[in-house]
There are 2 protein chains.
Amino acid sequence: MWNNLPMSLMELLPVRDVTACCGPLTREAITDENATNLASSLKALADPARLRIISMVAAHEDAEACVCDLTESLGLGQPTVSHHLKILVDAGYLTRSKRGTWAYYTLVPGALDGVARLLVTV
Amino acid sequence: MWNNLPMSLMELLPVRDVTACCGPLTREAITDENATNLASSLKALADPARLRIISMVAAHEDAEACVCDLTESLGLGQPTVSHHLKILVDAGYLTRSKRGTWAYYTLVPGALDGVARLLVTV
DNA sequence: CTCGAACATTGACGGTGATCGATATAAGGA
DNA sequence: TCCTTATATCGATCACCGTCAATGTTCGAG
């Protein structure tokens, strides 16, 4: 490793020409684009209601929950819960499957771990 | 483990009376207070400029950088950079040490890993 | 003690996000 | 077909956030 950058953030770096390994780009640890992408993923997570939703889906039977289950426990209106669910689905943390009138939400395996791995140093 | 909640989110749970382990609280995977705290930590991270700051501090010589170094590379005004630095310091990701006229910022060891560990499932 | 440099703070502006009520859609049952 | 239930979408409101220009503060140099 040619600097002391955390390994995980290193993985966000595009493959670069070795001849450019010592230029002023060395202090450019992460690209602006990658920073924007990671920030988007974290922003989807950075809300108390959405963290509780993820946690409640995981804790629910069969790791799956419908909107009515969540609305009850969250103390939020149904449109608000649907709003948060859409954000989590768009960000890739949850999947939605409709059965009859109900919509069931499930954790995407490895999605949380993927973001976590980007933050771990060493 | 009495449910399939991700281990890490489990650690956020306060020690609770076993007699209450099977009530309706079972579906309450994470407390509102803990969700708020974790959301605050994530919100401090969920910004492209702040992610780049953290990355640049880590990549910098001696894992330490002053404001002028960052302002240069970020393309942001000096007040804006100071603003972001304050948020990162308040959230516990960076420490500030003033030497002469300069202010040097350093990563807090384990801070990022602590948040990452809370997100990892299993 | 004054001057300039590095950084922090303040105030203001524009944009975004969380929430709700109202409404739309879709599916099942009478 | 009509009605009810579950969910999604829309529009509006209010608070918060990122950014900057201007100003304040704290050093070291002379």
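Trainee: Okay, two strands pair if DSSP finds at least two bridges between them. Which residue is the bridge partner of Leu94(B) in S3(B)?

Mentor: The partner is Leu107(B). As for the labels, helices (H or I, at least four residues) and strands (E, at least two) are DSSP runs, numbered from the N terminus.

Trainee: And what am I looking at, before I get lost?

Mentor: This is a predicted model, where local features need pLDDT of at least 70, side-chain atom pairs count only at pLDDT 80 or more, and totals for chains, interfaces and linings use all residues. Residues are numbered from 1 along each chain as its sequence is written, while chains are lettered from A and ligands numbered from 1 in the order in which they are written.

Trainee: Back to chain B. How many bridges join S2(B) to S3(B)?

Mentor: There are six, and the two strands run antiparallel. They form a hairpin with two residues between them, and Gly100(B) in the turn has a positive phi of about 70 degrees.

Trainee: What about S1(B) and S3(B), how many bridges there?

Mentor: Three, again in the antiparallel sense, with S3(B) covering residues 102-107. Ala65(B) sits opposite Tyr105(B), and Glu64(B) faces Thr106(B).

Trainee: In what order do the strands of that sheet come?

Mentor: S1-S3-S2, as an open sheet with antiparallel pairing. Strand S1 (64-66) and strand S2 (94-99) of chain B are at the edges with a single partner strand each, so each has one side without a neighbour in the sheet. On average, neighbouring strands are turned by 30 degrees against each other, direction ignored. About angles: axes are lines fitted to C-alpha atoms, for helices over the stretch in contact, and angles run from 0 to 180 degrees between N-to-C directions.

Trainee: Which strands does helix H3 of chain B touch?

Mentor: H3 (residues 48-59) packs on the sheet and touches S1, S2 and S3 of chain B, with its direction at about 95 degrees to that of S3(B). Helix H4 (residues 67-74) of chain B packs there too, touching S1 and S3, and makes about 80 degrees with S1(B). Contact here means that the C-beta atoms of two residues, placed from the backbone, lie within 7 Å.

Trainee: Now chain A. Which residue stands opposite Cys66(A) in S3(A)?

Mentor: Tyr104(A) does. Strand S1 (residues 64-66) of chain A pairs with S3(A) over three antiparallel bridges, and strand S2 (residues 94-99) of chain A pairs with S3(A) over six, also antiparallel. Leu94(A) stands opposite Leu107(A). S2(A) and S3(A) form a hairpin with two residues between them, and Gly100(A) in the turn has a positive phi of about 70 degrees.

Trainee: Switching topic: at what angle do the two H6 helices pack?

Mentor: About 170 degrees, with the axes 8 Å apart; each H6 spans residues 111-119 of its chain. H6(A) and H6(B) are therefore roughly antiparallel. The cut-offs are under 35 degrees for roughly parallel, over 145 for roughly antiparallel, 65 to 115 for roughly perpendicular, and oblique for the rest.

Trainee: Which residues meet there?

Mentor: Leu112, Val115, Ala116 and Leu119 of chain A meet Leu112, Val115, Ala116 and Leu119 of chain B. That contact has eight nonpolar residues, no polar and no charged. For the classes, Ala, Val, Leu, Ile, Met, Phe, Trp, Tyr, Cys and Pro count as nonpolar, Asp, Glu, Lys and Arg as charged, and the others, Gly among them, as polar.

Trainee: And the DNA? Which residues come nearest to strand D?

Mentor: Cys66(A), Cys68(A), Pro79(A), Ser82(A) and Gly77(B), out of 23 around it. A residue is near if its C-beta atom, placed from the backbone, lies within 6 Å. H5(A) gives the most to that surface, with six residues. By class, the surface has ten nonpolar, ten polar and three charged residues.

Trainee: And which are closest to strand C?

Mentor: Gly77(A), Cys66(B), Cys68(B), Pro79(B) and Ser82(B), with 23 residues surrounding that strand. There H5(B) gives the most, six residues.

Trainee: Last one: where is confidence lowest in chain A?

Mentor: In helix H1 (residues 7-10), at a mean of 46, whereas H5(A) is highest at 98. That's pLDDT, the predictor's confidence in each residue, from 0 to 100. Residues 9-28 of chain A stay under 50. Where pLDDT is low, the predicted coordinates should not be read in detail.
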